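Here is a friendly walk through a two-part model. Have a look at the sequence and the fold, then read on.

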Amino acid sequence: MEKKRLRTILRRMVIVATLLVTALQGGALNSVSAQEVVLTYGIWDSRQEPGLREIADDFEAENPGIKIELQVTGWGEYWTMLEAAATGGSLPDIFWMHSNEIYKYGSNDMLLNLDEYIERDSIDLTKFPQGLVDIYNVNESQYAIPKDFDTIGLWYNKTMFDEAGLDYPDETWTWETLREAAEILTDEEKGQYGISAQLSNQEGYYNFVYQNGGTILTDERTSGYDLPETIEALEYYFSFVHDGLSPESYTDTDSRAFLENGIAAMATFGSWQLPAFLDNEYLVENFDVAPLPSKDGNSTTIYNGLGNAIDANTENPEEAWLFLSYLSSEPVQRKASELGIAISAYEGTAEAWIDSNTEFNLKVYVDMVESGQIRPYTNETTVWEEKAYELLNAAYRGEQSVEEGAKATAEMMNQFISQE
Amino acid sequence: MGVGSKKSTWAWGYGMIAPTIIGLIILNIIPSFQTVYYSFFKTGAFGKGSEFVGLENYSRLINDSQVWQATWNTIRYTLLVIPPAIIISLILAVLVNNIKGKSIYRTIYFLPMVAAPAAVTMVWRWLYNNQFGLINQILGYVGIGPINWIENPSVAIYSVAIIGIWSTIGYNMVLLLAGLQEIPQDYYEAADIDGASMFSKTVNITLPLLSPQLFFVSVTGIIQGIQVFDVIFMLINPSMPSYPTTVSLVYLFYNNTFKYSDRGYGSAIVALILVIILILTFIQVKLQNKWVHYMGE
């Protein structure tokens, strides 16, 4: 009897102790958060994380009592994660926004309206490229502040060019020169291709479409895929694959792998790929970047830029705004460029990015924003962008005429846009 | 004693199963009904502003050639994976049953089940890589040209099926092995006395007595086959030429629900998947009487 009673008492004590510890832990956490504000910052590029962490540390040093937690989710899953978080009311306090998704979030009250904050603190939005500021302006209100911009450049293998006795690409290059160079650099026996022309929109054929006077989205918000100029540009771009000057390439990783292994001599890539290029010894030693070739003097490049936005339901709007305005201030934007994170959007800070890395001729990217065309977007961009890849696939491989593929894409795109 | 203890026994019973039942209801049963409910709506972003559209999602479903292509892809995947997986695992189970070190082999074959499907697929993706993958390297030594396992539309289905078979062999084998060990040795001894061949013993003793396990393995296998997603999702993306011939119904559901935010349509797709699985399971259960022999009958 006694033993049993002892055991029962012990058991009860353990239960009470466990409950106490749990309660105390909860209490401890609560007391920490009463003194300290923790802001979560959602991003999708793990390569930018180290640099942003440094900037966050600087901010924390200047603002004791606020801690910044970086949350990195890969591009492929970022929007799925964000949407789930938005529906469930647990968005990060601050997070990256993109032209593809700004309308959806902005028009559904998921983002904090920044108008009064901008006015109160006299933030000068004219210091940012107007095109980018406009992207993040939905229904006359500003919902995000531009963070950076990116353009597209032509990467080329200097060694392979030297071996073939070719001059390096520069701003005088035209569609014809690109084509000629690709032909010279292609060697079937060696399994070498002149160029890797990936089935990619922003980094690939969009640039050529606009250079040819075509468009992806007309001013009337209909698809531009079936315009003759667009089809012509697509035919030019796909011809590299059709004529054996480029391998078929469907992902960034594949394209880069072709370059890294000396299989292709050229490829068009966005400026955000810089960290990936710096990571690879072969690329650092043998590659450099040049402006895109032009057509009849038209050297348009697609440009885009991320914005920083704040959760509409954040518990700490003042602190979140403090961090956001910090990120958007000139010194921090310059520091971000210096750290090589990305080309900062604030006027005059892009130069620091050029100097951040002397391996490559990065000036090319910054100069190209002069002839920049904002990446085309609508309210639900992702849907038709992805379906476009599906529909252009056969034409890319030469199994269907480019005209047919483009017209099917236009039809699909118009259907989705009309449903938005 | 008496009435009192019977009531408390019931109470204990219900109490024990309560957590599982509550979990099932909240996480499985209610969402199933919700999904069917959503399929009659065109959902707005973030769950707001959904409008009732009746059968519109379903009529769109019937007319969508991609849905029928995905249905065929899914059925073809199931056919490519389940029969070979069962046959191979049956052979393995029989072999392992008669070896020393049974538990070691059992562990080794079961290991694939323990690995996360995403991790498994990433490794296979590297193996299958056209330029640098291990498989093509080895084939290269034997003089066979590189095969584009992932992007070639005609080959991709088989690449996906191979991963599927590889993953499920272990699970099937463990179940079949347990079933084999239940078969009394007396039957085999009696057959030996009668001079039966290995083949005859297998067909007349092993298979019939193993049929309950075989039935279970085939029913669960088919249900899992129809729901295939991870492998295809991680291996093939919509811009690849192999996408149309491999995209499964669940992959299509994922794209529509999460990427394109069209939850209503995604729910309709799920309803289709449910109907397919119900029909297939019903057929199998009916056929059960023909070929499954439960011991003791």
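Helices (H or I, at least four residues) and strands (E, at least two) are DSSP runs, numbered from the N terminus. With that in hand, residues 71-284 of chain B are 80% helix and 0% strand, and the C-alpha atoms at the two ends lie 19 Å apart. An unreviewed UniProt entry places "domain: ABC transmembrane type-1" on this stretch, residues 71-284 of chain B; such annotations may be inferred rather than shown by experiment, and the positions follow the numbering used here, with feature names shortened.

This is a predicted model: local features need pLDDT of at least 70, side-chain atom pairs count only at pLDDT 80 or more, and totals for chains, interfaces and linings use all residues. Residues are numbered from 1 along each chain as its sequence is written, while chains are lettered from A and ligands numbered from 1 in the order in which they are written.

Here is chain B in brief; a buried residue has 20 or more other C-beta atoms, placed from the backbone, within 10 Å of its own.

| Chain B property | Value |
|---|---|
| Helices and strands | 13 helices, 2 strands |
| C-alpha box along the principal axes | roughly 80 × 70 × 35 Å |
| Buried residues | 30% of 297 residues |

How far can you trust chain A? Its pLDDT (the predictor's confidence in each residue, from 0 to 100) averages 89, and 95% of the residues score at least 70. Within chain A, helix α1 (residues 2-35) has the lowest confidence, a mean of 65, and strand β3 (residues 94-97) the highest, at 96.

Key
A residue is buried if 20 or more other C-beta atoms lie within 10 Å of its own, exposed if 12 or fewer, and partly exposed in between; C-beta atoms are placed from the backbone.
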